[in-house]
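This report goes through one protein chain, element by element. The sequence and the coordinates come first.

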Amino acid sequence: MVGTLSFLIYYLSYDFLTHSASSQQPRKPVDVQDVIKTTVTVLTLIGAVLTGIYAYRKQLLAEGDAHRADASQLADRYTTAAEQLGHDQAAVRLAGVYALAHLSDDWVEQRQVCIDVLCAYLRMPYQPDPTQPGHREGEREVRHAIIRVIRDHLRDPWAPNSWCSYHFDFTEATFDGGDFSGSHFRGKTTFLRASFTSGTINFGRSRFSGGNVSFIGAEFRGGTVHFDEAEFSGGKVNFHGARFCGSAVRFIRATFNGSTVNLTQAEFSRGNVTFADAAFDSGTVNFTQAKFNGGRIIFTDSTFNGATVSLTDAEFSDGTADFTRAEFNGGSVSLGNSVFSGGTVNLIDAQFKDGTVGFIGAAFRGGTIDFTRSGFSDGLVDFMRAEFCGSTVKFTHVEFSNGIAGFINAKFQGGTVEFTGAGFSGGRSDFTGATFCGSIVDFSGARLNGGVVMFVRTEFRSGRINFEQARLLDSLSIPHFNHATFSGTDITWGRVPRPPGS
């Protein structure tokens with residue numbers, strides 16, 4: 001075959017050289033040595049190509065054999081690690097944890113499987129109390145080691161063995177502490193119906209970049225879960241239906257940029273959720289239909305820049321929502337249709353710049369809303385259609401600079417609204433269409449300078465309105481009682497001029 005190929009190449013070369021020579025003037029004869037050289041060159045080139053193809057094919061076969069050998073070895077390592085995780089002795093189980101973690105570093109194709117096995121171990125029944133049946137000696141150390149292994153693989157998103165983009169399933173797992181601090185979450189992490197019994201589970205300084213963390217239906221019966229100084233960029237933390245019984249969840253100094261924290265239908269019984277010093281930029285915190293029975297949500301010193309906090313349809317039974325010294329720059333807090341039975345909402349020293357706090361349709365039965373020393377610059381506090389039964393709303397020493405406190409169509413039965421020492425410079429306090437039955441509205445010591453107090457179409461059946469020691473610094477600031485009706489209400493004017501017809 002080689003001879004035939006050589007003869008064919010020789011013939012083609014001779015024919016090619018003959019054709020080239022015939023086209024020249026004068027015509028030259030074909031040199032046989034040139035034909036032989038051309039033939040040898042072509043044969044050499046073909047031989048080199050065939051040698052390369054053969055070597056490449058041999059390499060592929062060798063790599064395939066090596067890959068199959070590696071896969072077999074990795075599978076054996078997986079089997080060994082899984083068997084160690086099921087061992088009776090804690091030390092052997094602990095060795096299995098680290099063996100599986102190292103295996104995931106070497107076996108990229110099955111890395112999610114290794115992660116799933118570690119998560120599945122945490123989902124197994126666990127009795128943290130050593131005095132109770134079912135407790136296993138050394139089990140706590142094994143479980144906390146798994147959490148540390150996961151954390152260590154989440155701290156550097158650029159590392160070749162990073163787990164940041166993978167999924168973690170801790171459904172119905174039991175936690176008595178654990179450290180996830182400094183982790184980067186880009187995938188989905190779920191603590192669905194998980195139980196937190198004691199200790200501290202730490203997500204401090206973690207970053208959530210588009211990833212979702214779910215605590216739906218989780219139960220916090222003790223201990224602390226904290227996200228202190230965590231950063232949320234487009235991610236979501238979901239506590240829908242979670243129950244807090246004496247536990248604490250903390251987001252102290254956390255930052256939210258377009259992110260969502262969902263606590264809809266959550267129940268708080270002596271539990272606290274703290275967002276102190278947190279910063280919200282276009283993010284959302286949602287407590288819709290949440291129930292507070294002695295629980296507290298704390299937003300002290302937090303900043304809201306276009307962000308939204310919703311407590312719509314929430315129930316407060318001796319619970320507290322604390323926004324002391326919070327700043328609202330275009331942000332909003334909504335407590336519409338919420339029910340307060342002895343609960344408290346503190347907005348002491350808060351600042352509202354284009355911000356809105358809405359209590360539309362809320363019912364207050366013995367509760368207190370306190371805005372003492374707050375400032376409203378184009379901000380709005382809206383109590384439209386709210387009902388006050390023995391409750392107290394305090395605007396003591398509040399400064400209204402073009403801000404509005406609206407009580408349109410609100411109903412007051414025995415409650416108190418205090419504007420003691422408040423300053424109105426361009427702002428408005430609007431009670432249009434409100435009804436007072438035995439309630440007190442106190443403007444004593446207030447300063448009216450360009451601001452407006454309106455009782456248009458207001459119905460006074462009983463109670464008291466007090467302007468004693470109030471100072472009217474602008475003739476346009478005389479309170480408006482247009483079309484108001486009075487039946488037994490006591491109005492104390494002090495030095496404020498009586499409006500015509502009042």
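His397 is found in the loop that links β39 (392-394) to β40 (399-401). The model is a predicted one. Although His397 is not a glycine, its phi is positive, at about 60°. Most residues other than glycine have a negative phi. With a relative accessible area of 45%, His397 is partly exposed.

Arg325 also has a positive phi, of about 60°, and is not a glycine. The loop that holds Arg325 runs between β27 (320-322) and β28 (327-329). Arg325 is partly exposed, its relative accessible area being 43%.

**The chain as a whole**

The protein chain contains five helices and 52 strands. Of its 502 residues, 46% are buried. The accessible surface of the chain is about 22800 Å², and carbon and sulfur atoms account for 50% of that area. Among contacts with a separation of 6 or more, 64% are between residues 24 or more positions apart.

**The nonpolar core**

Which residues have the most contacts inside the largest nonpolar core? They are Phe359, Phe371, Phe383, Phe395 and Phe407, in a core of 120 residues. At least two residues of this core come from each of α2 (32-85), α3, α4, α5 (139-152), β46 (435-442) and β49 (459-466). The largest share, six residues, is supplied by α4.

The surroundings of Phe395 can be listed with its neighbours within four places in sequence left aside. On that basis, the contacts of Phe395 include the phenylalanines Phe371, Phe383, Phe400, Phe407 and Phe419. Val381, Ala405, Val417, Glu418, Thr420 and Ala422 are also in contact with Phe395.

**Helices α3, α4 and α5**

Two of the helices can be set side by side by length and span.

| Helix | Residues | Length | Span, first to last C-alpha | Expected span |
|---|---|---|---|---|
| α4 | 111-123 | 13 residues | 19 Å | 18 Å |
| α5 | 139-152 | 14 residues | 20 Å | 20 Å |

For α4, the span is close to the expected value at 1.5 Å a residue, and the span of α5 is likewise close to its expected value.

The buried residues of α4 are Arg111, Cys114, Ile115, Leu118, Cys119, Tyr121 and Leu122. These residues lie on the same side of α4, because the arc they cover around the axis is only 150°.

How many of the 14 residues of α5 are buried? Ten are, and α5 is therefore described as mostly covered, buried meaning under 20% relative accessible area. Among the buried residues of α5 are the charged-type names Glu139, Arg143 and Arg151, together with His144. The others are Val142, Ala145, Ile146, Ile147, Val149 and Ile150. The cover over the buried residues of α5 includes α3 and α4, as well as the strands β1 (168-169), β2 (174-175) and β3 (178-179).

Arg93 is located in α3, which spans residues 90-106. Is Arg93 buried or exposed? Its relative accessibility is 0%, so Arg93 counts as buried. Residues up to four places away in sequence are not counted in what follows. Arg93 touches Gln84, Leu85, His87 and Asp88, and also Tyr121. Further contacts of Arg93 are Arg136, Glu137, Gly138, Glu139 and Val142. Of these partners, Tyr121 is one of the buried residues of α4, while Glu139 and Val142 are buried in α5.

**Strand β46 and its partners**

Which strands pair with β46? Strand β42 (residues 411-413) is parallel to β46 and joined to it by three bridges. In this pairing, Phe412 stands opposite Phe436. Strand β43 (residues 416-418) also runs parallel to β46, with three bridges between them. Here the bridge partner of Val417 is Val441 in β46. With β49, strand β46 forms a parallel pairing over seven bridges, in which Cys437 stands opposite Ser462.

Thr435 belongs to β46. Thr435 counts as buried, at 15% relative accessibility. Apart from neighbours within four places in sequence, Thr435 is in contact with Ala410, Lys411 and Phe412, and with Glu459 and Arg461. Between Thr435 and Gln413 the C-alpha to C-alpha distance is 8.4 Å, at a sequence separation of 22 residues.

Note on methods:
Residues numbered from 1 in each chain as written. Predicted model: local features only at pLDDT ≥ 70, side-chain atom pairs only at ≥ 80, totals over all residues. Heavy atoms only, no water. Helix = DSSP H or I, 4+ residues; strand = E, 2+ residues; numbered from the N terminus. Expected span 1.5 Å × (residues − 1). Buried < 20%, exposed > 50% of the residue type's maximum accessible area, 1.4 Å probe, protein only. Arc of directions from axis to C-beta. Contact = heavy atoms within 4.5 Å. Areas by Shrake-Rupley, 256 points an atom, 1.4 Å probe, with all protein chains shown as cover. Core = buried A, V, L, I, M, F, W, Y, C linked by side-chain atoms within 4.5 Å. Pairing = 2+ DSSP bridges.
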